[in-house]
Amino acid sequence: MTKLALPLLAALMLVRPAQAADVPDPSAVTLVFGGDIMLAETVGERIAQGIDPFADVAPFLQTADATIANLECVVATTGTPMEGKPFTFRADPRVLPVLAKHFPIVSLANNHTGDFGHEAFIEQLDRLKQQGIAYFGGGRNCAEARTPHIIELKGLRIALLGYCDYHPREFEAGSNWPGTAWAVGPQIEADIKAARTLYHADLVIPFMHWGLQYVPENKSQRKLAHLMIRAGADAVIGSHPHVTQAVEYYRGKLIIYSLGNFVFNGFDEGPSRAGWLARLRLNKQGLMSWDTAPYHITDDGIPHLAKDVESPAGDAKKRIR
Ligand SMILES: [Zn+2]
């Protein structure tokens, strides 16, 4: 058992048998979700040197019809760091072309997009738009932050919603100021329902930024995940704790509590240096099958596919306990 696999032992996994994993379905849409991407500091320097931090995982990303991840920093030149906040991340806009190449859809619902204030946040929204990167979970006001991003592929409409449940709550968008969507149960329920009624989504997937750092998923995450599924979510994906967390089925729907760090420097060797890319195959009825690609993150914050990192999948053979 490797050191990296230890947090997985704590993961209670309720895995249903493999379903249609190998049966080709031309109507199926494949999405790959990545965890937290932080493009300032060392990773930003690598990009400035012409290094693509996604190069090693790119073959897995290319198997998807669409790729989605959490952008855990602000990308801007303006603003000032929030006073008293221990970690503030602002990436240089030169990182955007490489991000756009691999992740043209990002969630902004996290505890770092607001690090440099409203001006920088608005600048980021403009720059993402110019670069052709779609975003959700953040916006010019709370209405935009709670608006789903719709992926329309092969006749399937998939709504992505993003919410942050980790302080500071000052980053939350308001009626007339920018920021993130906050994880308020009744609002999420309303948004999931609206995704179907107003946006005619066939499927709805919330991407959550939640949990406590370096520990397994907690009661409040489970409560919220179950609430979202009862409200009609087809799967729930999460990140933020800097480690992977459990995978669970609730009412037959997949919950991946945390994918872990993805592109992120500043962590010691151990569980924070491993994570999963999650690949979901979906059709109008929902999730058909899923699997993960595990990776190890080197000192410079860059992920490298790593078979020796334990990783779950929608296959009973992969059950951990
Ligand atoms: Zn976070």
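This is a short talk on one predicted protein model, its confidence, one of its sheets and a pair of helices.

Let's start with confidence. The average pLDDT of the protein is 91. Of the residues, 90% score at least 70. Now the weak spots. Residues 1–21 stay under 50 in pLDDT. The model gives that stretch 48 contacts beyond four places in sequence. Residues 315–321 are also below 50. That stretch has 15 contacts in the model beyond near neighbours in sequence. Where pLDDT is low, don't read the predicted coordinates in detail.

Next, the sheet. It is open, and six strands form it. What is the strand order? Read it as β8-β9-β11-β12-β14-β13. The pairing is mixed. Which strands stand at the edges? They are β8, residues 149–153, and β13, residues 247–250. Each has a single partner strand, so one side of each has no neighbour in the sheet. On average, neighbouring strands are turned by 20 degrees against each other, ignoring direction.

Now two pairs of strands within that sheet. Take β8 and β9 first. They pair in the antiparallel sense, over five bridges. Look for Ile 151: its bridge partner in β9 is Ile 158. The two strands form a hairpin, with two residues between them. Lys 154 sits in the turn, and its phi is positive, about 50 degrees.

Then β11 and β12. β11 covers residues 203–209, and β12 covers residues 235–239. Do they run parallel or antiparallel? They run parallel, joined by three bridges. Find Phe 207, and opposite it in β12 you will see Ile 237. While you are looking at strands, one general point. In a regular strand, side chains alternate between the two faces of the sheet.

On to the helices. Helix α7 lies across β9 and β11. The helix runs at about 165 degrees to β9, which is residues 156–164. α7 also has a helix partner. How do we describe two packed helices? We give the angle between their axes and the distance between the axes. For α7, residues 185–197, and α8, residues 219–230, the angle is about 30 degrees. Their axes are 9 Å apart. Angles under 35 degrees count as roughly parallel, so α7 is roughly parallel to α8. The crossing is right-handed.

Which residues make the contact? From α7 come Gly 185, Ile 188, Glu 189 and Ile 192. From α8 come Leu 224, Leu 227 and Met 228. Sort the residues of this contact by type, and you get five nonpolar, one polar and one charged.

Last, two backbone details. His 167 and Pro 168 are joined by a cis peptide bond, with omega about 10 degrees. Where is Pro 168? It lies in the loop between β9 and β10, and β10 is residues 179–180. The other detail is Glu 41. Its phi is near 50 degrees, a positive value in a residue other than glycine. Glu 41 belongs to helix α2, residues 41–48.

How values were computed: Residues are numbered from 1 along each chain as its sequence is written. This is a predicted model: local features need pLDDT of at least 70, side-chain atom pairs count only at pLDDT 80 or more; totals for chains, interfaces and linings use all residues. Axes are lines fitted to C-alpha atoms, for helices over the stretch in contact, and angles run from 0 to 180 degrees between N-to-C directions. Helices (H or I, at least four residues) and strands (E, at least two) are DSSP runs, numbered from the N terminus. Angles under 35 degrees count as roughly parallel, over 145 as roughly antiparallel, 65 to 115 as roughly perpendicular and the rest as oblique. A crossing is left-handed if the near helix is turned anticlockwise from the far one by less than a right angle, and right-handed if clockwise. Two residues are in contact if their C-beta atoms, placed from the backbone, lie within 7 Å. Ala, Val, Leu, Ile, Met, Phe, Trp, Tyr, Cys and Pro count as nonpolar, Asp, Glu, Lys and Arg as charged, and the others, Gly among them, as polar. pLDDT is the predictor's confidence in each residue, from 0 to 100. Two strands pair if DSSP finds at least two bridges between them.
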